[in-house]
Amino acid sequence: MGKITIEGRAEREVLYNAVELTICFYKRAKTSAEALSSVEAQIEKFLSILVDEGVQLKDIHIGDNNIQQTYRDEDNNVQVKKEINIRMLFNMAFINHITNIIRQQDFEIIFDCDYQLTNMHELQIELLKEAIADSKEKAEFIASVMNQKIIGIDNVEHIHADDLYYIEEREMPYYGGLPVDKLLSDKLEAPITTISEKINVVWLME
């Protein structure tokens with residue numbers, strides 16, 4: 001009985017199906033009190049608009065919160081930053097609506113979208129199965145050339161896994177019934193990512 005070690009690979013392009021929106025409100029001013037007042041007023045206004053439109057406060061989380069001395073401008077040397085985060089299933093129309101609120105209200109913000117997968121675990125299992133099948137196909141071909149056949153697996157080594165952040169879908173709200181601004185970009189799909197798995201399989205031959 002012989003052994004042969006064959007690498008198996010599997011790869012798939014998938015659409016992200018969730019997103020974490022980070023809205024960072026900031027203000028530079030002469031004093032901490034002035035900067036804080038501006039930032040807090042903007043956040044309260046922003047939250048009140050979202051709540052009026054049906055967004056649940058339980059789906060909004062506080063992020064980084066800091067006050068810094070900038071020393072870049074003698075007149076405005078204090079900078080305040082406060083973040084809020086919204087995790088949700090991907091909905092391009094709602095993302096556009098958020099940015100439109102920011103534009104209309106002239107908020108001073110830094111806006112970021114962190115795209116995520118809610119089904120990463122299931123995708124990894126599927127890719128591992130495909131990687132094993134890929135390894136087996138190669139092993140069977142090599143074994144046939146040697147007038148032998150594959151009879152089983154001696155060992156499997158998982159040598160690669162994508163480190164993509166994911167979260168369970170049941171924890172993600174979907175804001176699909178809220179007011180939208182009817183833009184063409186509302187219909188755009190989520191970004192595409194490529195996930196892959198790689199394994200080494202030691203096959204038994206006879």
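Me: What share of the contacts with a separation of 6 or more comes from residues 24 or more positions apart?
Reply: Keep in mind that this is a predicted model. Look at contacts in the protein between residues with a separation of 6 or more, and pick out those 24 or more positions apart. Their share comes to 86%.

Me: Which residue has its C-alpha 7.1 Å from the C-alpha of lysine 187, though 94 residues apart along the chain?
Reply: Start with lysine 187, which sits in the loop between strand E6 (150–161) and strand E7 (192–205). Now go 94 residues away along the chain, and you find a C-alpha atom separated from that of lysine 187 by 7.1 Å. The residue is alanine 93.

Me: Is lysine 187 buried or exposed?
Reply: The relative accessible area of lysine 187 is 76%. Anything over 50% counts as exposed. So lysine 187 is exposed.

Me: How many of the 14 residues of H2 are buried?
Reply: Helix H2 covers residues 92–105, and its buried residues include Phe94, His97 and Ile101. They pack against strand E2 (18–29), helix H1 (32–52), strand E4 (78–89) and strand E5 (109–116). H2 is largely enclosed by the rest of the structure, because the buried count is 10 of the 14.

Me: Which residue caps the N-terminal end of H2?
Reply: Look for a side-chain oxygen that lies 3.2 Å from the backbone nitrogen of alanine 93. That oxygen belongs to asparagine 91.

Me: Which residue just after H2 takes a positive phi?
Reply: Go to the spot just after H2 and check phi there: it's about 55°. H3 has a similar story to tell, since it is followed by asparagine 147 with a positive phi near 60°. For H2, the residue is aspartate 106.

Me: How far apart are the end C-alpha atoms of helix H3?
Reply: H3 has 26 residues, 120–145, and at 1.5 Å a residue they should span 38 Å. The model agrees with that, so the end C-alpha atoms are apart by 38 Å.

Me: Is cysteine 113 buried or partly exposed?
Reply: Cysteine 24 makes a handy start: its relative accessibility is 6%, so it counts as buried. Buried means under 20%, and cysteine 113 has a relative accessible area of 21%. That makes cysteine 113 partly exposed.

Me: How many disulfides are there?
Reply: A disulfide needs two cysteine sulfur atoms within 2.5 Å. By this rule, the count is zero.

Terms used: Residues are numbered from 1 along each chain as its sequence is written. This is a predicted model: local features need pLDDT of at least 70, side-chain atom pairs count only at pLDDT 80 or more; totals for chains, interfaces and linings use all residues. Side-chain values use heavy atoms; hydrogens and water are left out. Helices (H or I, at least four residues) and strands (E, at least two) are DSSP runs, numbered from the N terminus. Buried means under 20% relative accessible area, exposed over 50%, partly exposed in between (1.4 Å probe, protein chains only). The expected span of a helix is 1.5 Å times one less than its number of residues. Contact means heavy atoms within 4.5 Å. A polar contact is a pair of N or O atoms within 3.5 Å; within protein, one must be able to donate a hydrogen and the other to accept it, and residues adjacent in sequence count only if both atoms are side-chain atoms.
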